Amino acid sequence: MAASAKTLTIADRTLNGGWTVVLPRRGRRKHLPRIRSLEQQPWAPSDLETDPIRKSKLLHKMQICMNKIESSSFYHTLMDQIQTPEILGHFYRVLDSESKMQMVIYGIGSIESYETPRLQLSLAILLKKKFCWIGDIEVFDPILSATESQVLEALGCSVISVNEQGQRRAQKPTLFFMPHCEAELYDNLLRANWGVELLNRVVLFGNSFETYEQHVSEFKNSVVVDSARHVLGIRRFTKEFRIKTVSDDYFGAFHDSSWHFFCPVLETELQQYI
Ligand SMILES: C[S@@+](CC[C@H](N)C(=O)[O-])C[C@H]1O[C@@H](n2cnc3c(N)ncnc32)[C@H](O)[C@@H]1O
């Protein structure tokens with residue numbers, strides 16, 4: 001995972017199971033934009049040309065990836081977990097009287113350059129295929145190329161043409177699929193939805209908030225405290241369920257990822273914790 005040198009973005013597990021701050025790995029990733037401005041700007045891929053050969057190669061890779069996941073014990077374990085009465089109950093509570101929960105994917109990364117984003121996108125698409133109550137999928141990452149955007153459309157997703165800075169308000173039930181995003185992006189999302197009704201319409205798949213909290217209490221990391229005030233503040237109103245990566249094949253893409261459901265009851269309680 002890539003991160004800014006100054007900001008802890010995600011915690012990464014070392015081989016001995018400890019936590020480390022992830023620093024940029026020179027040459028391994030495209031430049032990752034920092035989330036500074038909260039202004040929402042129209043967006044289009046910076047490369048305007050698409051290449052049909054690259055597009056068909058990428059579509060083929062995505063198909064292989066989806067097949068691989070669908071037949072894995074990682075996927076079956078995850079499906080079993082989602083269908084436990086407790087987790088399914090939370091999904092249905094968020095759905096309330098609606099029949100569909102839209103999915104918004106932020107921060108997927110470059111699906112052409114790396115397998116990790118391909119695995120993450122494959123899982124999102126398979127979730128929609130499996131559960132009839134998952135609705136349309138919208139995707140945004142400022143690093144998406146024109147070819148990647150076309151492939152996403154070919155896979156049935158729509159690419160958002162505005163950089164929302166993670167601030168979509170859940171006017172209807174929404175599953176935010178944000179695998180291994182920066183803490184600031186989760187924080188932007190929570191801040192934009194900081195109200196009882198809105199938070200109760202959000203499901204968030206992303207880095208474990210429990211881990212962020214542990215990191216803060218163990219290392220007194222003030223950078224995390226500053227960039228993740230809402231992430232830390234929402235903890236007491238959160239039901240979190242960690243997912244199991246099951247095998248090394250899925251560790252890189254899904255380690256320390258959780259389902260998060262938010263159940264605040266009173267506005268006054270919420271206001272106390274930010
Ligand atoms: C740490 S990377 C994770 C990428 C990928 N999910 C992975 O696990 O390898 C965070 C991603 O968030 C994206 N990002 C940055 N600002 C964003 C924004 N405003 N909206 C959506 N994604 C954003 C970055 O471009 C980057 O691809």
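**Exercise: a strand and its partners**

Which residue of S9 stands opposite Leu 175? Then find how many bridges join S9 to S8 and to S11, and whether the strands run parallel or antiparallel.

*Solution.* Start with the source. This is a predicted model, where local features need pLDDT of at least 70, side-chain atom pairs count only at pLDDT 80 or more, and totals for chains, interfaces and linings use all residues. Residues are numbered from 1 along each chain as its sequence is written, and side-chain values use heavy atoms, with hydrogens and water left out.

Step one: Leu 175 faces Val 203 in S9. Strands here are DSSP runs of E with at least two residues, helices are runs of H or I with at least four, and both are numbered from the N terminus.

Step two: count bridges. Strand S8 (residues 174–178) runs parallel to S9, and five bridges join them. Strand S11 (residues 257–262) is also joined to S9 by five bridges, but this pair is antiparallel. In this second pair, Leu 204 stands opposite His 260 of S11. Two strands count as paired if DSSP finds at least two bridges between them. In general, strands of a sheet pair through backbone hydrogen bonds, either parallel or antiparallel.

Step three: check burial. Buried means under 20% relative accessible area, exposed means over 50%, and partly exposed lies in between (1.4 Å probe, protein chains only). In strand S9 (residues 202–207), six of the six residues are buried, so the rest of the structure largely encloses the strand.

**Exercise: the whole sheet**

In what order do the seven strands of the open sheet come? Name the edge strands.

*Solution.* The order is S6-S5-S4-S8-S9-S11-S10, with mixed pairing. The edges are strand S6 (157–159) and S10, each of which pairs on one side only. On average, neighbouring strands in this sheet are turned by 20° against each other, direction ignored.

**Exercise: a residue on the edge strand**

Is Phe 241 buried or exposed? Which residues does Phe 241 touch?

*Solution.* First, place it: Phe 241 lies in strand S10 (residues 238–242). Next, apply the cut-off. The relative accessible area of Phe 241 is 12%, so this residue is buried.

Now list the contacts (heavy atoms within 4.5 Å). Leaving out residues up to four places away in sequence, Phe 241 touches Gln 81, Glu 86, Ile 87, His 90, Ser 257, Ser 258, Trp 259 and Phe 261.

Take one of these partners, Gln 81. Gln 81 sits in helix H2. At a relative accessible area of 17%, Gln 81 is buried. Beyond four places in sequence, Gln 81 is in contact with Ile 87, Phe 241, Arg 242, Ile 243 and Trp 259.

**Exercise: two helices against H4**

At what angles do H1 and H2 meet H4? Classify each angle.

*Solution.* Two packed helices are described by the angle between their axes and the distance between the axes. The axes are lines fitted to C-alpha atoms, for helices over the stretch in contact, and angles run from 0 to 180 degrees between N-to-C directions. Under 35 degrees is roughly parallel, over 145 roughly antiparallel, 65 to 115 roughly perpendicular, and the rest oblique.

Take H1 (residues 52–70) with H4 (residues 115–130): the axes come within 9 Å and cross at roughly 65°. H1 is therefore roughly perpendicular to H4. The contact residues divide into ten nonpolar, one polar and six charged.

Take helix H2 (residues 73–82) with H4: the angle is about 50° and the axes are 12 Å apart. H2 is therefore oblique to H4. Phe 74, Tyr 75, Leu 78, Met 79 and Ile 82 of H2 meet Leu 123, Leu 126, Leu 127 and Lys 130 of H4. These divide into eight nonpolar, no polar and one charged. (Nonpolar: Ala, Val, Leu, Ile, Met, Phe, Trp, Tyr, Cys and Pro; charged: Asp, Glu, Lys and Arg; polar: the others, Gly among them.)

**Exercise: a helix across the sheet edge**

Which strands does H5 lie across, and what covers its buried residues?

*Solution.* Helix H5 (residues 146–154) lies across strand S5 (134–140) and S6, at about 145° to S6. Its buried residues are Ala 146, Thr 147, Glu 148, Ser 149, Val 151 and Leu 152. Their cover includes H1, H4, S5 and S6. After H5 comes Gly 156, with a positive phi near 95°.
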